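Me: I would like a close look at a single part of this structure, taken slowly and with its surroundings. Please begin with one residue and work outward from there.

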Amino acid sequence: SLWRQVRRLKHGAGRVALPLAGSDSVGLQVADEREPSPSVCARLHELEGRLREVLAGLKERHRRTIHLREEEGLPFAVIAQRLGYERATTARSLYFR
C-alpha cells in the first residue's frame with residue numbers, strides 16, 4: 001500500500017517500488033539507510049502529500065480504521081472493539097475499501 005511504502009522510505013528500507021499514475025511503478029534505491037538521497041526525500045514528500053489528500057477525502061470511520069491499523073498496528077478485532085463495530089470483519093471491510 002502507499003502508506004507502507006512511505007513508511008519504508010522514511011525508515012530506510014532499501015529498494016521500494018513506488019506507484020505512479022495508473023498501474024506503473026518505479027523503484028527507488030535508498031543509498032544510505034540513515035540518509036535517503038535528495039530524490040528519495042522529494043518523492044517521500046510527494047507521497048506524504050498524496051496520502052494526506054487521499055485520507056482527507058475519506059469518511060471519518062475509514063480514516064480512524066486506517067489510523068488504528070497503520071499507525072498503531074492494531075488487529076481488526078481490537079479496532080472493531082475500539083470503534084464500536086459488532087464484528088472485526090466490519091473494520092477489515094472499511095480498511096480495504
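Reply: Phe76 has its place in helix α4, and what follows is read from a predicted model. The protein around Phe76 has five helices and two strands, and along the sequence these follow the pattern α-β-β-α-α-α-α. Helix α4 itself covers residues 76–83, while helix α5, to which much of this account will return, covers residues 88–96.

With a relative accessibility of 7%, Phe76 counts as buried, because the cut-off for that class is under 20%. For the protein as a whole, buried residues make up 33% of the 97 residues. If neighbours up to four places away in sequence are left out, the residues that Phe76 touches are Arg69, Ala88, Ala91, Arg92, Tyr95 and Phe96. Arg87 can be added as a point of reference in space, since its C-alpha lies 8.7 Å from that of Phe76 although the two are eleven residues apart in sequence.

Two of the residues that Phe76 touches, Tyr95 and Phe96, are also its partners in ring pairs, and these pairs link Phe76, Tyr95 and Phe96 into a cluster. The structure as a whole holds three aromatic pairs. In the pair of Phe76 with Tyr95, the centres are 5.5 Å apart and the planes stand at 65° to each other, an edge-to-face arrangement. Because Phe76 lies in helix α4 and Tyr95 in helix α5, this pair ties together parts that are 19 residues apart in sequence. Both members of the pair, Phe76 and Tyr95, are buried.

The pair of Phe76 with Phe96 has ring centres 6.1 Å apart and planes at 50°, so it is described as tilted. This pair, too, runs from helix α4, where Phe76 lies, to helix α5, where Phe96 lies, and so ties together parts that are 20 residues apart in sequence. Phe96 counts as exposed, because its relative accessibility is 58% and the cut-off for that class is over 50%. The cluster of Phe76, Tyr95 and Phe96 therefore joins the buried Phe76 to the exposed Phe96.

The ring pairs belong to a broader contact between two helices. The axes of α4 and α5 come within 7 Å and cross at roughly 100°, and the two helices are therefore roughly perpendicular to each other. On the side of α4 this contact is made by Phe76, Ala77, Ile79 and Ala80, and on the side of α5 by Ala88, Ala91, Arg92, Tyr95 and Phe96. Sorted by class, the contact of α4 with α5 has eight nonpolar residues, no polar residues and one charged residue.

Helix α5 also meets helix α3, which covers residues 60–70, and here the axes come within 9 Å and again cross at roughly 100°. That angle makes α3 roughly perpendicular to α5. The residues that meet are Arg61, His62, Thr65, Ile66, Arg69 and Glu70 from α3, and Ala91, Leu94 and Tyr95 from α5. By class, the contact of α3 with α5 has four nonpolar, two polar and three charged residues. Among the participants, Arg69, Ala91 and Tyr95 are also residues that Phe76 touches.

Seen from further out, Phe76 is part of the largest nonpolar core, which has twelve residues: Leu55, Ile66, Leu68, Leu74, Phe76, Ile79, Ala80, Leu83, Tyr85, Ala91, Leu94 and Tyr95. The elements that give two or more residues to this core are α3, α4 and α5, and α4 gives the most, with four residues. In soluble globular proteins, nonpolar side chains tend to be buried together. Across the whole protein, residues 24 or more positions apart account for 36% of the contacts with a separation of 6 or more.

Notes: Residues numbered from 1 in each chain as written. Predicted model: local features only at pLDDT ≥ 70, side-chain atom pairs only at ≥ 80, totals over all residues. Heavy atoms only, no water. Axes fitted to C-alpha atoms, helices over the stretch in contact; angles between N-to-C directions. Parallel < 35°, antiparallel > 145°, perpendicular 65-115°, else oblique. Contact = heavy atoms within 4.5 Å. Nonpolar A, V, L, I, M, F, W, Y, C, P; charged D, E, K, R; others polar. Core = buried A, V, L, I, M, F, W, Y, C linked by side-chain atoms within 4.5 Å. Buried < 20%, exposed > 50% of the residue type's maximum accessible area, 1.4 Å probe, protein only. Phe/Tyr/Trp six-rings, centres within 6.5 Å; stacked < 30°, edge-to-face > 60°.
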